[in-house]
Amino acid sequence: MKIFSAAQIREADAFTIAHEPISSAQLMERAAGKCATWLEEHYAPHYPVYIFCGKGNNGGDGLVMARLLLDHGYKVSTGILQYGAQASADHQLKLEALQQQYPASLYAIGDVSDIPTLPPDAIIIDAIFGTGMSRPIEGWLAGVVHHINGQRGKHTIVAIDMPSGLRADESSVQQTVIQAHHTLSFECYKLAFLLPENAAYTGEVHILPIGLHPDYITHTPTRYLLADPGIIQTIYQPRNPFAHKGTYGHALLIAGSYGKMGAAVLSARACLRAGVGLLTCYVPQCGYNIMQLSEPCAMCVTDEDPHYSLHFHRSINPATYKAIGIGPGLDTQPGTAKALEHLLDSYQQPMVIDADALNLLSVYPYLLYKIPAGSILTPHPKEFERLFGATPNEVARLELLSQQAIKLQVYILLKGRYSAIACPDGAVYFNNTGNPGMATGGSGDVLTGILTGLLAQDYSPKAAAILGAWLHGFAGDLAAAHLSQEAMTAADIIQWLGKAFLEGI
Ligand SMILES: NC(=O)C1=CN([C@@H]2O[C@H](COP(=O)(O)OP(=O)(O)OC[C@H]3O[C@@H](n4cnc5c(N)ncnc54)[C@H](O)[C@@H]3O)[C@@H](O)[C@H]2O)[C@@H](O)CC1
Ligand SMILES: Nc1ncnc2c1ncn2[C@@H]1O[C@H](COP(=O)(O)OP(=O)(O)O)[C@@H](O)[C@H]1O
Ligand SMILES: [K+]
């Protein structure tokens, strides 16, 4: 699914109006109708509805919702914010329709004091500003937003298209923004919805299709995309009936150290369950029994050192391996950094670089320039900051993420609720699977194993990153559905990986 900017959404609206064709007033009727239907499906008519309308088309949506809900027996009170701007033509039209049919529903808001006291369990509809927000909300309008936010504990706030005050494509940090429980947004995700810094504003996001023209959607390129099942199905390669274990690649995982062998075991298991042909794990001596006993399907090579992997550049022949994953539980010994440098000098194919291998890169940043092109780096936000520095907000961080992927010609998968996969060509894919049950030690190690397993099977790095992140999150969702988010562990993500292949693709 493409993530359009606010400007592109305006173009999509205009294109649909011209080519469907449909009048803008009818398109508004369709969009607001979807919101009214959503509301009716979730809240019975005894819930009192308070709609707050701005003077643009977002306010127009609110006016249409008011009429439709009144038609269906809801008690609706519709406040129009009188902030001086000229009302849009469609707002004007919908206001006249409501005035004619239900004049008693309407009242004017010129200040916070005009807002009535709401009865218990009211539904507040925020139709103040949508994608037309052009500057921060200030003055008494900001007072209205703060007043509405103050009701959050007692009433349900539903934002139409965008929580008012939120910028679709820019950071809204330290601005006045509605804190909705639900956001009903039209046709596609906006970039702002995918950033953790906006989680308090959007609440749960529901995307309602409003039939924007498919030609515009198909032919308009976007920098940001959401990996959806359609994309996943085009990436997935079914196995060849005549395959043998050589067909699906020999992977090498360099992971684990004294006290952190669990990370290596989790990565190894995930790599095997992702479908790799053969797997060798490189571990320090203390890891030999652990690895051999925990995972009989993997081979094991040990370092000379009892506790750390310091010499893998000497004892492995990189040419043997179709894919290498390095980092989980590795520790950051100077000797490991040396070995990593030798490996980067001798291995030309894309590899997966995670955890302590990333921490070593942040201590020795010149190593970043030795990473084979097309490699996949999987930092969580702290590792990202150590590697590339802090940013004032998450939109700036996304920009930095993309710049670094282009500069280093690698894929950088920034982990989180919506992991962002920045590609060397400038595209950024967001992953939408996964849940807070995965916020537990070892989840990232599992991801590294899956990615390494997919790379070894000849998935391109881009395909491996998108498919791997998606399967990892989907397996986590299946685990949470069966075990609860609290009780699931990273090991359960691996247990449900099989179901994720069967049910997700
Ligand atoms: N264009 C279309 O055909 C459709 C538009 N739709 C709705 O229209 C919305 C966009 O409508 P608009 O482009 O009219 O924009 P908005 O309704 O989001 O806001 C524009 C109005 O707000 C004022 N404004 C912006 N920022 C302000 C601020 N900080 N303080 C005070 N005033 C401010 C502008 O001067 C203007 O009056 C979408 O979010 C969506 O809800 C939907 O009805 C679907 C169809
Ligand atoms: N709230 C969440 N929603 C979705 N995915 C999550 C959430 N929290 C964590 N994850 C996923 O779990 C993984 C955690 O990785 P990481 O922080 O490296 O864990 P660890 O270092 O313990 O292995 C990432 O892939 C991340 O996307
Ligand atoms: K809104």
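Which residues does L253 touch, not counting residues up to four places away in sequence? In this predicted model, L253 touches A264, S267, A268, C271, L279, C281, Y282, G325, G449 and T452, with residues up to four places away in sequence left out of the list. L253 also belongs to the largest nonpolar core, a set of 160 residues in which I125, L253 and I421 touch the most other members. The largest share of this core is contributed by α17, which provides 12 residues, and the core takes at least three residues from each of domain 1 (2-222) and domain 2 (231-249 + 325-504).

Those two domains are the ones given by the domain assignment of the chain, with domain 1 covering 2-222 and domain 2 made of the segments 231-249 and 325-504. Their centres, taken over C-alpha atoms, are separated by 37 Å, and the contact between them takes 7 residues from domain 1 and 8 residues from domain 2. On the side of domain 1 that touches domain 2, the residues divide by class into 4 nonpolar, 1 polar and 2 charged.

The surroundings of ligand 1 come next. Of the 29 residues around ligand 1, those that come nearest are G56, N57, N58, G130 and G132, and the elements that give two or more residues to this shell are α2 (24-42) and α3 (57-71). By class, the shell around ligand 1 consists of 13 nonpolar, 11 polar and 5 charged residues.

An unreviewed UniProt entry lists N58, D126 and S164 under "binding site", and although these positions are spread over 107 residues of sequence, they cluster in space, with a largest C-alpha distance of 9.4 Å. D126 is placed in strand β5, which spans residues 123-127, and it counts as buried because 31 other C-beta atoms lie within 10 Å, where 20 or more are required. When residues up to four places away in sequence are not counted, D126 touches F52, I148, I157, V158, A159, I160, P163, S164, I178 and A180. S164, itself one of the residues touched by D126, is placed in the loop between β6 (156-160) and β7 (182-186). S164 is likewise buried, because it has 28 other C-beta atoms within 10 Å. Its contacts, again without residues up to four places away in sequence, are D126, I128, F129, I137, V145, A159 and I178; A159 and I178 therefore appear in the contact lists of both D126 and S164.

Around ligand 2 there are 18 residues, of which the closest are G434, M438, A439, S443 and G444. The elements that give two or more residues to the shell around ligand 2 are α16 (443-456) and α17 (461-483), and α16 gives the most, with 4 residues. The residues of this shell divide into 4 nonpolar, 11 polar and 3 charged.

A further "binding site" annotation in UniProt, also from an unreviewed entry, covers K415, G416, R417, Y418, S419 and G444. These residues are spread over 30 residues of sequence, yet they cluster in space, with a largest C-alpha distance of 13.9 Å. R417 is found in the loop between β16 (411-414) and β17 (420-422), and it counts as partly exposed because it has 17 C-beta neighbours inside 10 Å. Leaving out residues up to four places away in sequence, R417 touches P196 and G434, and G434 is one of the residues closest to ligand 2. G444, which is also listed among the closest residues to ligand 2, is found in helix α16. G444 is buried, because 24 other C-beta atoms lie within 10 Å, and, with residues up to four places away in sequence not counted, it touches D354, A355, T378, H380 and K415. Of these contacts, K415 is another position covered by the UniProt annotation.

One last position is G259, in the loop between β10 (250-254) and α9 (261-273). G259 counts as exposed because it has 11 C-beta neighbours inside 10 Å, and the limit for an exposed residue is 12 or fewer. G259 and Y216 are 43 residues apart in sequence, while from C-alpha to C-alpha they are 54 Å apart in space.

Note on methods: Residues are numbered from 1 along each chain as its sequence is written. Chains are lettered from A and ligands numbered from 1 in the order in which they are written. This is a predicted model: local features need pLDDT of at least 70, side-chain atom pairs count only at pLDDT 80 or more; totals for chains, interfaces and linings use all residues. A residue is near a molecule or strand if its C-beta atom, placed from the backbone, lies within 6 Å of it. Ala, Val, Leu, Ile, Met, Phe, Trp, Tyr, Cys and Pro count as nonpolar, Asp, Glu, Lys and Arg as charged, and the others, Gly among them, as polar. Domain bounds come from an automatic or database domain assignment. Two residues are in contact if their C-beta atoms, placed from the backbone, lie within 7 Å. UniProt positions are given in the numbering used here, feature names are shortened, and annotations may be inferred rather than shown by experiment. A nonpolar core is a set of buried Ala, Val, Leu, Ile, Met, Phe, Trp, Tyr and Cys residues joined through C-beta atoms within 7 Å.
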